[in-house]
There are 2 protein chains.
Amino acid sequence: MVMDVELDQMRSIVVLAEHLHFGRAAATLYISQPALTKQIHKIEETLGGPLFLRKPRQLTLTRAGEVLVERARSLLRDAHVAIDISRSAVRG
Amino acid sequence: MVMDVELDQMRSIVVLAEHLHFGRAAATLYISQPALTKQIHKIEETLGGPLFLRKPRQLTLTRAGEVLVERARSLLRDAHVAIDISRSAVRG
DNA sequence: TAAAAATACTCCATAGGTATTTTAT
DNA sequence: ATAAAATACCTATGGAGTATTTTTA
């Protein structure tokens, strides 16, 4: 493992940004709330600061979070295209 | 884990495509040759076919391999940019 | 017969789960 | 008092390593 943030982690960030709620985002990702909490903490640690601001009843994105989410969405789209094209190529 | 091919795996494919030699590519990645062999096998399994053609003294890319390598290079560049920008954003 | 990839096996790090606690409204 | 995230603790899966075998030019 050398890559700082993996695609799966980017997916978690994007889903959490959509829900702004750990429990519901975790359910969407088919993992538990603590698992998602730990994933996000780990990413924030590797980046050196928070992507989300937690208040007991209000979760929001930081500016850095917004920046990463936007790029992550684009990367995930590109990754899916690359994989789909490769799948076609291994057959055709 | 939901994403079919992760960035680290793409990196392995790119490095192997550059060396066309499992042993030297593995050394570049700071892993063992068997570890790299297994990584590549796993990716080929998820894609449904080979990315490399193995002959005892000649390793080559399949057409599908060429396609994926080209896209993977681009994705890895974009990912690094995204991460660098996010790193800046969490500070600034 | 030699160079290189594949296999066999063992081990351990970590990602995930459940249960519980903390926090601020 | 409650909703929601964080923490504690445990387990198991899979990724990596070393040693060995297979393959075919």
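This section describes the fold of chain A, its contact with chain B, the surfaces near the two DNA strands, and two backbone details in a predicted model.

Chain A consists of 92 residues, of which 26% are buried. Its secondary structure comprises four helices and two strands, and the order of these elements from the N terminus is α-α-α-β-β-α. Along the principal axes, the C-alpha atoms of chain A occupy a box of roughly 55 × 25 × 25 Å. Among the contacts in chain A with a separation of 6 or more, 44% join residues that are 24 or more positions apart.

Helix 4 of chain A contains 29 residues, for which a rise of 1.5 Å a residue predicts a span of 42 Å; the distance between its end C-alpha atoms is 43 Å, in agreement with that value. Buried positions in helix 4 of chain A are A:Ala64, A:Gly65, A:Leu68, A:Val69, A:Ala72, A:Leu75, A:Ala79, A:Ala82, A:Ile83 and A:Ser86. An α-helix has 3.6 residues a turn, so residues three or four places apart point the same way. Within chain A, the buried residues of helix 4 pack against helix 1, strand 1 (52-55) and strand 2 (58-61). In chain B, the partners of these buried residues are helix 3 and helix 4 (63-91).

The two protein chains are in contact through 29 residues from chain A and 29 residues from chain B. On the side of chain A that touches chain B, two or more residues come from each of helix 1 (7-19) and helix 4 (63-91) of chain A. Helix 4 of chain A makes the largest contribution to this side, with 17 residues. Classified by residue type, the side of chain A that touches chain B holds 17 nonpolar, three polar and nine charged residues.

Superposition of chain A on chain B gives an RMSD of 0.0 Å, and the operation is a turn of 180° with a shift of 0.0 Å along the axis. The two copies are therefore related as by a two-fold rotation axis. Both copies use the same surface, since 100% of the contact residues of chain A recur in chain B.

The largest nonpolar core has 38 residues, and A:Ile13 and B:Ile13 have the most contacts inside it. Helix 1, helix 2, helix 3 and helix 4 of chain A each give two or more residues to this core, as do helix 1 (7-19), helix 2, helix 3 and helix 4 of chain B. When residues up to four places away in sequence are left out, B:Ile13 touches B:Ile43, B:Leu51, B:Leu68, B:Val69 and B:Ala72. In soluble globular proteins, nonpolar side chains tend to be buried together.

The surfaces near the DNA strands draw on both protein chains. Around DNA strand D there are 19 residues, and those that come nearest are A:Phe22, A:Pro34, A:Thr37, B:Ser32 and B:Ala35. At least two residues of this surface are supplied by each of helix 2 (22-28) and helix 3 (33-47) of chain A and helix 3 (33-47) of chain B. Helix 3 of chain B has the largest share of the surface near DNA strand D, with four residues. This surface has eight nonpolar, six polar and five charged residues.

DNA strand C is likewise surrounded by 19 residues, with A:Ser32, A:Ala35, B:Phe22, B:Pro34 and B:Thr37 coming nearest. Helix 3 of chain A, together with helix 2 (22-28) and helix 3 of chain B, are the elements that give two or more residues to the surface near DNA strand C. The largest share, four residues, is that of helix 3 of chain A. By class, the surface near DNA strand C divides into eight nonpolar, six polar and five charged residues.

Two loop residues have backbone angles of note. Most residues other than glycine have a negative phi. A:Leu20, in the loop between helix 1 and helix 2 of chain A, has a positive phi near 50°. A:Leu20 counts as partly exposed because it has 13 C-beta neighbours inside 10 Å. B:Tyr30, in the loop between helix 2 and helix 3 of chain B, has a positive phi of about 60°. With 8 other C-beta atoms within 10 Å, B:Tyr30 is exposed.

Key:
Residues numbered from 1 in each chain as written. Chains lettered and ligands numbered in written order. Predicted model: local features only at pLDDT ≥ 70, side-chain atom pairs only at ≥ 80, totals over all residues. Contact = placed C-beta atoms within 7 Å. Nonpolar A, V, L, I, M, F, W, Y, C, P; charged D, E, K, R; others polar. Buried ≥ 20, exposed ≤ 12 C-beta atoms within 10 Å, placed from the backbone. Near = placed C-beta within 6 Å. Expected span 1.5 Å × (residues − 1). Least-squares fit on C-alpha atoms with pLDDT ≥ 70 in both. Core = buried A, V, L, I, M, F, W, Y, C linked by C-beta atoms within 7 Å.
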